[in-house]
Amino acid sequence: MASSAPDRRRVYITCRPIFTGDNALLRREKKIRNLIRKNKLSLTKLLSELGEDKLVAVLKGLLEENVFVSEVRARAIFPDLFQTTPSRNAEREASEAKAAKSAAKALEEVVASEDNLKELSDEEPEPGVLQFVSASAPFPVPTPELTTIGGAGELLKDQIPSLYPSFIPYKAQHLILTAAQQLLEECCFDFAAKWMPSVLEQRGWDCAAAVELTKWTQILSKTYTTLPPNAIKLANTNTTTSPPPTIRGLVQPAQTLRHTAVHRLPTTARGIGRLLGGAVALADALQDHGRAAQLEQLKAEVDVKVRAMELSKNSLEDRAARALRDIARRREELDRAERDLKATMLREDADNKALVGRLLEESVRSIITAASDDEKVGAGSRPAGRTSATASGGNSDRGRDDSCDDATAVALAHAGDREVYYSGDEGDDGDDDIRDVKLAEGGVDVRLLNLFIGV
């Protein structure tokens, strides 16, 4: 069954925490299917989108390519998933350091409130004996490698909620740290039974559960120089570059682990890994190789799961950055469309306003021109009318009758203070039909009744 590159990438990211250890060596389809069904709650989304058969087929192909066994192989197949940038590394280191500082402050407040540590710490230390150091001082924190996806949009980092530092659910954190605490307490009890049996006899401690881990760290700090040289292995055989460990460097992480577990202090996923690393170092120094192996296996499991979780975080941030870039592009297009729409509206309004202005100007000029022409015509016809009226010898009725019989009569009437000229023909019924009436002033048309004829 063919599978696309995006599907293979999603399956690898989601299923990497499941296919670790012996599970990374599975090849048979039946066992892969059983493991998927066992973890179906974690794979609900993949199962709903791909289906069980396709998911099994994709996983089988990835397992045969050894991507879950070798990260080098995984990098070759999914190179973009492991890309990183210095700025992102620095940003995530800073977030991790900030979280560690906050945890150290909380731890300091817890230690300050405890009174059960004063029994041995108030005593004067014997010469050459290292005095107990408060767990409030942060133990050395190595600089781990951070893997992020490069090119995820550095300019958009302020818009993306940070997924770092990484935390695991507190229930899992508490289970891990209490298990490590128990292993260390058993380790210390067995060490005391071998090298300090008198301490157990004097205090009546008959089992590992009877002694709290903090008490063991105090005893080890106090009695270290009185033990045989081969009792505690402080030689650093793993590397020649790191300084050799000291009893202080061994007990301090164990104290922090105990306080974090007992007082329910949340810590980062990488912080859990560091605490487990300190537990492994203490068990190795006490030469309890069996429990050291258990603690190392626990640390490796945490590291693998945290590594897988951070790859998922990187993928989520990268996907969010790509989506934000697309949103920013579309937002820019919408902003440009909005600007164009407003500009078009304003431009069309200006064009319409200019059109109305031109039309009004033409109307005004037309009205003024017509009024001027009418005034000129009225001024030229007024004397002729008056002459014809006086030429009749003052007999207006006779003049009206003669002119109406022969042609068009022109008469002058007064309407208020305005002079109105009219002309008309007398019909058979004795009424004049007013043909043309104009107001001499203002150029307004007037319709007059036939009141001036036939009186």
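**Close-up 1. Glu52 and Arg37 meet through their side chains in a salt bridge, at 2.9 Å from N to O.** This view, like the ones that follow, comes from a predicted model. Glu52 sits in helix H4 and Arg37 in helix H2 (residues 29–38), so this pair ties together parts of the chain that are 15 residues apart in sequence. Glu52 is partly exposed, with a relative accessible area of 25%. Arg37 also counts as partly exposed, at 46% relative accessibility.

**Close-up 2. Lys342 and Glu338 form a salt bridge between their side chains, at 3.1 Å from N to O.** Here both partners belong to helix H13, where they are four residues apart, and that spacing separates them by about one helical turn. Take a look at how open the two residues are: Lys342 is partly exposed at 47% relative accessibility, and Glu338 is partly exposed at 40%. Stepping back to the pair in the previous view, Arg37 and Glu52 belong to one network, in which salt bridges that share partners also join Glu29, Arg33 and Asp53.

**Close-up 3. Glu65 and Arg8 are joined by a salt bridge of 3.0 Å, N to O.** Glu65 lies in the loop between H4 and H5, while Arg8 lies in helix H1, so the bridge ties together parts that are 57 residues apart in sequence. Are these two residues buried or partly exposed? Glu65 counts as partly exposed at 24% relative accessibility, whereas Arg8, at 18%, counts as buried. A search of the whole structure finds 25 salt bridges.

**Close-up 4. Tyr12 and Phe68 make a tilted aromatic pair, one of five aromatic pairs found in a search of the whole structure.** Their ring centres are 5.5 Å apart, and the planes meet at 35°. The pair links distant parts of the chain: Tyr12 is in helix H1 (residues 5–15), and Phe68 is in the loop between helix H4 (52–64) and helix H5 (71–77), 56 residues apart. Both Tyr12 and Phe68 are buried. Which residues join these two in a cluster of ring pairs? Phe19 and Phe78 are linked with Tyr12 and Phe68.

**Close-up 5. Trp205 and Trp216 pair edge-to-face.** The centres of their rings lie 5.5 Å from each other, with 65° between the planes. Trp205 is in the loop between helix H9 (197–203) and helix H10 (213–223), and Trp216 is in helix H10, 11 residues apart. Trp205 counts as buried at 15% relative accessibility. Trp216 is buried too, at 0%.

**Close-up 6. Cys187 and Cys188 are in a structure that holds zero disulfides.** Cys187 is in no disulfide, and the nearest cysteine sulfur is that of Cys188, 5.5 Å away. Why is there no bond from Cys188 to Cys187? At 5.5 Å, the two sulfurs are too far apart for a bond, because a disulfide needs the sulfur atoms to be within 2.5 Å. Cys187 is buried at 2% relative accessibility, and Cys188 is buried with a relative accessible area of 2%.

**Close-up 7. Val364, Ile367 and Ile368 make a nonpolar surface patch of about 300 Å².** Find Ile367 in helix H13 (residues 289–390). Ile367 counts as exposed, at 58% relative accessibility.

Terms used:
Residues numbered from 1 in each chain as written. Predicted model: local features only at pLDDT ≥ 70, side-chain atom pairs only at ≥ 80, totals over all residues. Heavy atoms only, no water. Buried < 20%, exposed > 50% of the residue type's maximum accessible area, 1.4 Å probe, protein only. Phe/Tyr/Trp six-rings, centres within 6.5 Å; stacked < 30°, edge-to-face > 60°. Helix = DSSP H or I, 4+ residues; strand = E, 2+ residues; numbered from the N terminus. Patch = residues over 30% accessible without salt bridge, like charges linked within 9 Å, V, L, I, M, F, W, Y side chains within 5 Å. Areas by Shrake-Rupley, 256 points an atom, 1.4 Å probe, with all protein chains shown as cover. Salt bridge = Lys/Arg side-chain N within 4 Å of Asp/Glu carboxyl O.
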